[in-house]
Amino acid sequence: MNPTRKRRLTIVLAILAAAAVAAVLVVLALQNNMNYLLTPSQVQSGEAASYNTFRLGGMVKAGSIQRSSDSLKVTFTVVDAGGAMPVEYTGILPDLFRDNQSVIATGHMDGARFVATEVLAKHDETYMPKELKDAMAKAHEQKGIENRE
């Protein structure tokens, strides 16, 4: 093999190696930024064990909201058809946050409770995110509860 071909082969291999490294780094970065949406029953069944951060979706249980008198800490319970999950959040809640309201909280598990870093409330009477609607419909189906659409 002459020197010109060796140099071209070396350059092509270096470019392919750099492209492979870049592709691996992009995939890893995207995986770290993904947030999966789970319901309380899915979390209790162990589906959240492999996720550091995920979204918890469901309804705020009536009478479960407890606000700390000396800080912005709030605890409440998120429920779905088959489970309930205690949630702790420190911060300002959305104006629409209240009992029997659909919420999606982003955060992580700390023992048996969910520690939220962000809480979102649905914006009107009919809207529900597709992922949450599908997850709740699946939970209702498993429990034999009639779907009310």
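## Starting at D110

Let's begin with one residue, D110, which is partly exposed, with a relative accessible area of 40%. D110 takes part in a salt bridge with R113, and the closest N and O atoms of this pair sit 2.8 Å apart. Keep in mind as you look around that this is a predicted model.

So what does D110 belong to? Salt bridges with shared partners join D110, R113, E88 and K73 into one network. We'll walk through the rest of that network next.

## The rest of the salt-bridge network

How many salt bridges does the structure hold? There are 3. Besides its bridge to D110, R113 forms a salt bridge with E88, where the closest N and O atoms are 2.3 Å apart. That pair links distant parts of the chain: E88 is in strand β5 and R113 in strand β7, 25 residues apart. E88 also forms a salt bridge with K73, and here the closest N and O atoms are 3.7 Å apart. Because E88 lies in strand β5 and K73 in strand β4, this pair ties together parts that are 15 residues apart in sequence.

Are these partners buried or exposed? E88 has a relative accessible area of 18%, so it counts as buried, given that buried means under 20%. K73 has 34% relative accessibility, so it counts as partly exposed. R113 is partly exposed too, at 29%.

## Strands side by side

Now zoom out to the strands around these residues. Strand β7 covers residues 113–121, and it pairs with strand β5 (residues 84–90) in the parallel sense over 3 bridges. If you'd like a spot to look at, find V87: its bridge partner in β7 is F114.

β7 has another neighbour to check out. Strand β6 (residues 102–110) pairs with β7 in the antiparallel sense over 8 bridges. In this pairing, A105 stands opposite V119 in β7. β6 and β7 form a hairpin with 2 residues between them. In the turn of that hairpin, G111 has a positive phi of about 75 degrees.

## Aromatic rings that meet

The structure holds 3 aromatic pairs. One of them is made by F54 and F114, and it is tilted: 5.2 Å centre to centre, with 55 degrees between the planes. What does this pair link? It links distant parts of the chain, with F54 in strand β2 (residues 54–60) and F114 in strand β7, 60 residues apart. Both F54 and F114 are buried.

Another pair is formed by F76 and F97, and this one is edge-to-face: 4.8 Å centre to centre, with 65 degrees between the planes. F76 lies in strand β4 (residues 73–79) and F97 in the loop between β5 and β6, so the pair ties together parts that are 21 residues apart in sequence. F76 and F97 are both buried.

## The chain as a whole

Step back once more, and you can follow the whole chain. Which elements does it have? It has 3 helices and 7 strands. Starting from the N terminus, the order is α-β-α-β-β-β-β-β-β-α.

Of the 149 residues in the protein chain, buried ones make up 31%. The accessible surface comes to about 9,900 Å², and 55% of this belongs to carbon and sulfur atoms. As for contacts with a separation of 6 or more, residues 24 or more positions apart account for 51% of them.

## How confident is the prediction?

Since this is a predicted model, it's worth checking the scores. The protein chain averages a pLDDT of 85, and 88% of the residues score at least 70. Which element has the lowest mean pLDDT, and which the highest? Helix α3 (residues 130–143) has the lowest, at 74, while β5 has the highest, at 94. You've already met β5: it is the strand that holds E88, and it pairs with β7 in the parallel sense.

Definitions and conventions:
Residues are numbered from 1 along each chain as its sequence is written. This is a predicted model: local features need pLDDT of at least 70, side-chain atom pairs count only at pLDDT 80 or more; totals for chains, interfaces and linings use all residues. Side-chain values use heavy atoms; hydrogens and water are left out. Two strands pair if DSSP finds at least two bridges between them. Helices (H or I, at least four residues) and strands (E, at least two) are DSSP runs, numbered from the N terminus. pLDDT is the predictor's confidence in each residue, from 0 to 100. Buried means under 20% relative accessible area, exposed over 50%, partly exposed in between (1.4 Å probe, protein chains only). Contact means heavy atoms within 4.5 Å. Accessible areas come from the Shrake-Rupley method with a 1.4 Å probe; for residues, only the protein chains shown count as cover. Rings of Phe, Tyr and Trp (its six-membered ring) pair if their centres lie within 6.5 Å; planes under 30 degrees apart count as stacked, over 60 as edge-to-face and the rest as tilted. A salt bridge is a side-chain nitrogen of Lys or Arg within 4 Å of a carboxyl oxygen of Asp or Glu.
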